[in-house]
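Open your viewer, keep the selection box handy, and follow along one stop at a time.

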Amino acid sequence: MTLHRRRVKQTRSLEERMAEQAARLKEQASQLPAGPEREALLKRASIAETGAHISDWLKSPGLQPPE
């Protein structure tokens, strides 16, 4: 029996999806009172934003491969 890998064609860039996730997480956090659950959501949002920035940086034309 052969298992088939499910393939999904992404229509938006990784940076767009991560930025959207960060915004969604911040919105959810704003609905919660101060506490550990809110802090966890804000931390995840920060990680998503950082990932988007790193991905942008890696794709920048100024970054050159070693020779």
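Start by selecting Ile54, Trp57 and Leu58, and turn on their surface: together they make a nonpolar surface patch of about 340 Å². Keep in mind as you look around that this is a predicted model. Is Trp57 buried or exposed? Its relative accessibility is 52%, so Trp57 counts as exposed, since the cut-off for that label is over 50%. In the cartoon, you will find Trp57 in helix α2, which covers residues 36-59.

**Along helix α2**

Now select the whole of α2 and check its length. Its 24 residues should span 34 Å at 1.5 Å a residue, and the C-alpha atoms at its ends are 35 Å apart, which agrees. Next, colour Leu41, Ala45, Ala48, Gly51, Ala52 and Ser55, the buried residues of α2. What covers them? The cover includes α1.

Zoom in on Ser55, which sits in helix α2. With a relative accessible area of 12%, Ser55 is buried, because anything under 20% falls in that class. Which residues touch Ser55, once its neighbours within four places in sequence are set aside? Show Leu14 and Glu15, and you have the contacts of Ser55.

**Across to helix α1**

Glu15 is a good stepping stone, as it is one of the buried residues of α1. Select the others in that set too: Met18, Ala22, Leu25 and Ala29 are buried in α1 as well. These residues cover an arc of only 90° around the axis, so they lie on the same side of α1. A bit of helix geometry helps here: an α-helix has 3.6 residues a turn, so residues three or four places apart point the same way. Turn the view to see what that side meets: the buried residues of α1 pack against α2.

While α1 is selected, check its length as well. It has 17 residues and reaches 24 Å from its first C-alpha to its last, close to the 24 Å expected at 1.5 Å a residue.

**The salt bridges**

How many salt bridges are there to look for? The count comes to four, and three of them are on this tour, starting with Arg12 and Glu20.

Show the side chains of Arg12 and Glu20, which meet in a salt bridge at 2.6 Å, N to O. Arg12 is partly exposed, with 36% relative accessibility, and Glu20 also counts as partly exposed, at 37%.

Keep Glu20 on screen and add Arg24. The side chains of Arg24 and Glu20 form a salt bridge too, at 3.8 Å from N to O. Why do they sit about one helical turn apart? Arg24 and Glu20 are four residues apart in helix α1 (residues 14-30), so about one helical turn separates them. Arg24 is partly exposed, at 42% relative accessibility.

Next, select Lys26 and Glu49, a salt bridge whose closest N and O atoms are 2.6 Å apart. Lys26 belongs to helix α1 and Glu49 to helix α2, so this pair ties together parts that are 23 residues apart in sequence. Lys26 is partly exposed, with a relative accessible area of 39%, and Glu49 is partly exposed at 30% relative accessibility. Now bring the earlier side chains back into view: Arg12, Glu20 and Arg24 are joined into one network by salt bridges that share partners.

**Two distances to try**

For a last exercise, use the distance tool on C-alpha atoms. Begin with Leu42, which lies in helix α2 and is partly exposed, with a relative accessible area of 31%. Draw a line from Leu42 to Gln28: these residues are 14 apart along the chain, and their C-alpha atoms are separated by 9.0 Å.

Then move to Gly35, in the loop between α1 and α2. Gly35 is partly exposed, with a relative accessible area of 24%. How far is its C-alpha atom from that of His53, 18 residues away along the chain? The separation between Gly35 and His53 is 27 Å.

Key:
Residues numbered from 1 in each chain as written. Predicted model: local features only at pLDDT ≥ 70, side-chain atom pairs only at ≥ 80, totals over all residues. Heavy atoms only, no water. Patch = residues over 30% accessible without salt bridge, like charges linked within 9 Å, V, L, I, M, F, W, Y side chains within 5 Å. Areas by Shrake-Rupley, 256 points an atom, 1.4 Å probe, with all protein chains shown as cover. Helix = DSSP H or I, 4+ residues; strand = E, 2+ residues; numbered from the N terminus. Buried < 20%, exposed > 50% of the residue type's maximum accessible area, 1.4 Å probe, protein only. Expected span 1.5 Å × (residues − 1). Arc of directions from axis to C-beta. Contact = heavy atoms within 4.5 Å.
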